[in-house]
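Hi, here are my notes on this model, set out as numbered points. Have a look at the structure first, then read on.

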Amino acid sequence: MSDTRQLPVPDGLDGMRVDAGLSRLLGLSRTAVAALTEDGRVAVDGRAAGKSDRLTAGSWLEVHLPDPEPVTAITGPEEVVAGLTVLHADDEIIVVDKPVGVAAHPSPGWTGPTVLGGLAALGYRVSTSGAAERQGIVHRLDVGTTGVMVVAAAEHAYTVLKRAFKERTVDKRYHAVAQGHPDPSSGTIDAPIDRHPRHDYKFAVVAGGKPSVTHYDTIEAFRAASLLDVRLETGRTHQIRVHLAALRHPCVGDITYGADPVLAKRLGLQRQWLHARSLGFEHPGDGRWVEFTSPYPSDLERALDLLRD
């Protein structure tokens, strides 16, 4: 059924054209209001009104708005995803090791494989909570970031895990190879992050951005880079990449955030050296602490070997 609005013409619209007055009153464009009048959907005191007619304060206005366009769910292919490994699955959760080049869920403009599509192809059912295109997703990894990720299989698990991530009770640990040697070798980066002021596809440390906190420790130092253990308090998009770039020690291979392309080429890297190493949380089923670890994929392992030589 269409949405019908009936009300007296406000005093502030007295004398205005129908298209201009209704545009202001209903928040529609004048073109949209003109289309309504052409379709006979606007009446003043029971008579069909044209777009250029004048409104009179106190006249009875009746507008029949069209049905809203149906929302089309963004879907992706249900196909087996090469390299996607299920580390653990039960009635509440599914823990996966996500390979490079795979998105967590479908999104506008993305036509590649997704974690949700891969799980569906393997016969796993996930929670129906959340937006249609990301049901069951409680956190995400970038397409170019590999490692461990949890998906809610049950509605209860979705609620519990979303709360745990929001309240920062989840232990999220990443390994990253940063260019150079951060000083100090262990520290905390507390700097707000938001969209880059000039480049929509990037994020940056921006005054007034969302609070973002990253802790890091150096595991191993090489001549040109350092292997870091990184723990996140918050989970902003590109957080580790942005914070390390802000220190002037970007992830090796992360050309988007200022990494040296010569070093990336020497190491054979086509993406940033960043891996979601482990994930620990209270199991939503019984509250016991569980932790899952992902080994380095071959491209990151090979780059480490070259750095050690």
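1. A word on terms: helices (H or I, at least four residues) and strands (E, at least two) are DSSP runs, numbered from the N terminus. Behind helix α2 comes G40, which has a positive phi, near 70°.

2. Some ground rules: this is a predicted model, in which local features need pLDDT of at least 70, side-chain atom pairs count only at pLDDT 80 or more, and totals for chains, interfaces and linings use all residues. Residues are numbered from 1 along each chain as its sequence is written, and side-chain values use heavy atoms, with hydrogens and water left out.

3. Which residues of α2 (residues 30–38) are buried? They are V33, A34, L36 and T37, where buried means under 20% relative accessible area and exposed over 50% (1.4 Å probe, protein chains only). Seen down the helix axis, these buried residues fall within an arc of 160° (taken from the directions from the axis to the C-beta atoms), so they line one face of α2. T31 and E38, on the other side, are exposed.

4. The cover over the buried residues of α2 includes α1 (18–26), β2 (42–44) and β4 (60–65); contact means heavy atoms within 4.5 Å.

5. Now the sheet: 4 strands form an open, antiparallel sheet in the order β1-β4-β2-β3, and strands count as paired if DSSP finds at least two bridges between them. β1 (3–8) and β3 (47–48) are the edge strands, each pairing on one side only. β1 and β4 pair antiparallel over 6 bridges, with T4 opposite H64 in β4.
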